[in-house]
Amino acid sequence: MSPGGREAALEALTACRRLDAWSDSSLKTACRGLDRREAALAARLAYGVLQNRALLDFYLDACCTQRFAELEPFIRDVLRLGAYQVLYMDRVPDSAAVDESVALVKRKKRQRAAGLVNAVLRRLSREKGELPALPETDRAEYLSLCYSHPAWLVRRLLELLGEEEAEAYLRLDNEAVPTSVQLNPLRCGTEALAESLTASGAVLVPHGWMPDCWLMSGGGNLEAMPAFQMGWLQVQDAAAKAAVLAAGLKPEDRVLDVCAAPGGKSFAAAMAMADRGEVVACDIHRHKLGLIEKGAERLGLTCIRTELADGRESREAWLEGFDAVLCDVPCSGLGIIRKKPDVRYKNPVQLAELPRVQRAILDNASRYVRPGGVLLYATCTILPEENEGVISAFLDRRDDFCRESFSLPGFTEKNDGSLTLWPQRHGTDGFYVCKMRKKC
């Protein structure tokens with residue numbers, strides 16, 4: 001087997017560690033020039049290590065003659081990649097996992113470490129049937145190690161969900177996630193899209209409650225499929241689509257999407273409005289506006305225009321100028337760990353600063369809602385301090401806004417204007433949405 005995929009996985013892990021880069025963008029860069037098979041191997045290895053890092057470290061520490069944590073970071077990454085293959089990839093012979101890891105070290109001019117890598121991984125291979133038991137004196141610490149989530153996050157989940165649901169949430173974070181695709185009703189019908197995707201080799205499972213939404217696996221490169229190229233679908237989780245539907249948009253509305261990139265909610269808004277009216281999609285990064293424009297063109301959406309804007313800075317021309325303002329604010333992203341496994345390693349001290357930014361964006365965006373219009377707040381996190389806490393602080397200061405309950409197609413739970421969606425309950429990303437109405 002070619003070493004290309006393994007080297008790409010190592011490069012991606014190194015970028016995540018050294019540059020604090022996102023794993024998906026790091027992998028995309030590292031996999032340039034690789035064939036499909038090697039790129040798939042790289043993704044499996046890099047994501048596998050990120051999803052199981054704490055547990056891999058625990059087992060590797062038991063196989064080292066010195067503390068695993070004291071090894072050079074590069075060597076730790078190589079050992080994690082080798083250990084993941086030994087413990088999780090049945091189709092890779094243990095001997096190949098060991099030999100390729102040693103060869104990887106040598107190719108990176110670290111010959112002196114080759115003996116250590118060989119010895120540790122061979123011992124792990126020999127003893128993998130008798131691995132040490134995880135300590136169970138502290139349930140949070142046990143779950144943290146078992147599912148490789150930071151202990152602080154596990155403790156918060158236990159507070160919010162209780163042990164059974166918290167463990168279900170953690171388990172789902174480490175499982176493969178099918179791609180969620182939504183129908184573009186302006187371009188085709190339900191049956192035509194399903195037939196096209198199936199003909200491309202995809203396996204479709206209808207979402208549990210969101211209409212015209214499928215969980216898709218197989219079929220290879222989605223962007224190469226005719227249905228994608230013709231704009232018959234967009235990739236979007238049911239939770240993100242639900243947030244837009246909660247706003248109750250209608251044709252001829254004027255909508256502002258404050259933090260729009262990569263554009264999914266702007267696209268869903270335009271579809272809900274039958275591409276009639278106006279959707280102003282904003283982002284602070286100019287290059288991301290180009291991605292939104294490209295996506296709108298593929299989907300055949302003409303009512304979207306982009307604006308370079310910071311959600312915290314006021315635009316006098318926009319004051320009370322929109323029927324609906326969507327605020328999908330920057331957040332910790334802890335609701336999408338199953339799709340971005342490295343999110344779990346964010347610094348909780350830095351995350352504690354996010355509500356300040358979120359409040360600033362919400363305060364500014366609220367000024368753009370016309371009397372009688374809708375202000376929608378959304379995050380892809382499950383932390384109350386970024387969700388209910390931000391909303392409560394806003395409504396305590398603003399008597400001109402109030403929560404307004406909403407309904408979602410196929411969804412039976414009632415709400416008071418705010419809703420938290422959970423993977424283990426709703427089959428979606430972890431997501432929060434709150435709908436508020438400005439009083440006339």
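Helices (H or I, at least four residues) and strands (E, at least two) are DSSP runs, numbered from the N terminus. One such strand is β6 (residues 278-283), in which D283 lies. This is a predicted model: local features need pLDDT of at least 70, side-chain atom pairs count only at pLDDT 80 or more, and totals for chains, interfaces and linings use all residues. Residues are numbered from 1 along each chain as its sequence is written, and side-chain values use heavy atoms, with hydrogens and water left out.

**Burial and charge at D283**

- D283 is buried but has no salt bridge. Buried means under 20% relative accessible area, exposed means over 50%, and partly exposed is in between (1.4 Å probe, protein chains only).
- A salt bridge is a side-chain nitrogen of Lys or Arg within 4 Å of a carboxyl oxygen of Asp or Glu.
- For D283, the nearest side chain of opposite charge is that of K288, 4.8 Å away. Lys and Arg count as positive and Asp and Glu as negative, while His and the chain ends are not counted.
- The D283 side chain reaches the backbone nitrogen of H285 at 2.9 Å. A polar contact is a pair of N or O atoms within 3.5 Å; within protein, one must be able to donate a hydrogen and the other to accept it, and residues adjacent in sequence count only if both atoms are side-chain atoms.
- Leaving out residues up to four places away in sequence, D283 touches V258, A260, A261, K288, L289, E307, L308 and A309. Contact means heavy atoms within 4.5 Å.

**Helix α10 and the hairpin**

- L193, S196 and L197 are buried in helix α10 (residues 190-199). They cover an arc of only 95° around the axis, which puts them on the same side of α10. The arc is that of the directions from the helix axis to the C-beta atoms.
- An α-helix has 3.6 residues a turn, so residues three or four places apart point the same way.
- E191, E195 and A199, on the other side of α10, are exposed.
- The buried residues of α10 pack against β1 (179-183), β2, β3, α11 (226-229) and β4 (233-235).
- G201, just after α10, takes a positive phi of about 95°.
- Strands β2 (residues 203-206) and β3 (residues 213-217) run antiparallel and are joined by 4 bridges. Two strands pair if DSSP finds at least two bridges between them.
- L204 stands opposite M216 in β3.
- The hairpin of β2 and β3 has 6 residues between the strands, and D212 in the turn has a positive phi of about 55°.

**Salt bridges**

- The count comes to 37 salt bridges.
- D94 and K128 form one of them, at 2.9 Å from N to O. D94 lies in helix α5 (residues 94-107) and K128 in the loop between α6 (114-127) and α7 (139-147), so the pair ties together parts that are 34 residues apart in sequence.
- D94 is buried, with a relative accessible area of 18%, and K128 is partly exposed at 35%.
- K435 forms a salt bridge with E404, with the closest N and O atoms 3.0 Å apart. The pair links distant parts of the chain, 31 residues apart: K435 is in strand β12 (residues 431-438), and E404 is in the loop between β10 (401-403) and β11 (418-421).
- K435 counts as buried at 7% relative accessibility, whereas E404 is partly exposed with a relative accessible area of 23%.
- R254, E278, R305, E307 and R315 are joined into one network by salt bridges that share partners.

**K265 and its surroundings**

- K265 lies in helix α13 (residues 264-272) and counts as buried at 11% relative accessibility.
- The side chains of K265 and D328 make a polar contact (2.3 Å).
- K265 touches Q236, A240, A243, V244, D257, L326, D328 and F431, not counting residues up to four places away in sequence.

**Backbone features in loops**

- A cis peptide bond, with omega of about 5°, joins A261 and P262. P262 is in the loop between β5 (254-257) and α13.
- S148 is a residue other than glycine with a positive phi, near 55°. S148 lies in the loop between α7 and α8 (151-161) and is buried, with a relative accessible area of 2%.
- E320 is not a glycine, yet has a positive phi of about 50°. E320 is in the loop between β7 (304-308) and β8 (322-328) and counts as partly exposed at 43% relative accessibility.
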